[in-house]
Amino acid sequence: TTTTTTTTTTTVKPLESILCCPVSFEPLTASNDGGGVRCLTTGLQYGTVEDTYLDLTPASGTLIAASGVASSQDKPTATNDQMQSQLPFDIYAVADTIEKVSQGRVRTGELLREGYSGDSMGVGTSTFRNPIVSQIYERGWRQSFARAGFPGPEKEFERAQKWLLPAAKNGILVDASCGSGLFTRKFVSSKDYQQVIALDFSESMLRETATLCKDNKLWEAGASVAASGGSVSPLLVRGDIGRLPFRSGAVDGLHAGAAIHCWPSPALALTEIARVLKPGGRAVLSTFMNPQLPFTDEKFRKAFFGQISQNSLIRAWEEGELKSLS
């Protein structure tokens with residue numbers, strides 16, 4: 001009897017092949033002092049916060065001189081100068097924002113600290129930066145989504161896996177707008193991915209993600225894409241969905257559950273998702289839809305439910321609106 005054994009070898013991708021500077025989109029390298037990562041193009045250095053997450057939002061970088069010493073300029077000014085020279089104005093979705101920046105009335109860095117395009121629709125970035133919201137998210141908030149037709153985390157995860165695995169198995173998966181890490185933990189526990197990256201703009205949500213991962217024994221101190229041979233623990237990254245800190249074509253799959261309504265500029269976010277996905281990569285996104293009332297058309301529903309959305313925390317969509325984003 002002859003037994004044939006097949007061994008599959010997975011090459012672990014280093015950090016440098018996945019992450020990029022959110023200002024220049026150029027590669028990041030480990031800083032000389034070991035305290036973070038640095039963009040050689042802009043001179044901006046990004047660090048780990050509370051030994052929990054890597055902050056890669058556009059306004060978080062510290063300008064480092066060629067000698068490797070922090071610039072004498074204050075951090076906001078240094079970062080703003082780099083962004084003014086690197087960021088094209090056409091990335092902004094709101095004309096008023098462009099006018100303010102071009103006239104010098106508002107610093108680019110000041111605007112970007114609140115996320116691209118600001119809190120312009122539905123549940124914005126500021127809502128989920130509240131520590132109280134982060135703590136109650138899995139303690140009642142998320143469960144209420146069932147009333148809007150969400151089938152529940154288990155069924156949602158099952159559906160996401162069915163779509164993601166053909167393209168992302170043993171690859172890099174980003175759980176964007178990860179919130180408290182509800183799905184991050186499920187993706188890590190599945191052991192289907194080489195690395196799961198949990199990304200959110202909210203500092204308090206990332207802290208909650210870390211806490212719940214530790215509680216579920218899904219956290220290994222100091223684990224990273226470069227160090228782990230698989231999804232030992234997620235890599236937590238603070239990032240802006242409108243300026244993703246990932247290299248083009250570096251991501252195999254991306255998930256964003258119940259998230260589109262939270263994004264300041266969904267069209268810009270989808271452009272960024274398309275950029276970071278490798279050819280053949282897949283994304284699974286979900287959000288709230290307007291109820292399909294009998295004998296009504298999309299125009300009526302948009303007018304009727306649009307008034308309700310203006311006074312609600314949740315922005316609901318028409319199918320046609322979502323299709324137009326792509």
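The following legends describe close-up views of aromatic rings, arginine side chains and one cysteine in a predicted model. In this predicted model, local features need pLDDT of at least 70 and side-chain atom pairs count only at pLDDT 80 or more, while totals for chains, interfaces and linings use all residues. Residues are numbered from 1 along each chain as its sequence is written, and side-chain values use heavy atoms, with hydrogens and water left out.

**View A. Aromatic cluster of Phe157, Phe187 and Tyr193.** The structure contains two aromatic pairs. In one of them, phenylalanine 187 and tyrosine 193 meet edge-to-face, at 5.9 Å centre to centre and with 85 degrees between the planes. Rings of Phe, Tyr and Trp (its six-membered ring) pair if their centres lie within 6.5 Å; planes under 30 degrees apart count as stacked, over 60 as edge-to-face and the rest as tilted. Phenylalanine 187 is buried at a relative accessible area of 0%, and tyrosine 193 is buried at 2% (buried: under 20% relative accessible area; exposed: over 50%; partly exposed: in between; 1.4 Å probe, protein chains only).

**View B. Arginine over phenylalanine rings.** Arginine 275 lies over the face of phenylalanine 25, 3.8 Å from the ring centre. Arginine 238 lies over the face of phenylalanine 201, at 4.5 Å from the ring centre. A charge sits over a ring if NZ of Lys or CZ of Arg is within 6 Å of the ring centre and within 35 degrees of the ring normal.

**View C. Surroundings of cysteine 262.** Cysteine 262 lies in the loop between β9 (251-256) and α8 (266-276); helices (H or I, at least four residues) and strands (E, at least two) are DSSP runs, numbered from the N terminus. Cysteine 262 counts as buried, at 14% relative accessibility. Its C-alpha is 9.2 Å from that of phenylalanine 128, although the two are 134 residues apart in sequence.
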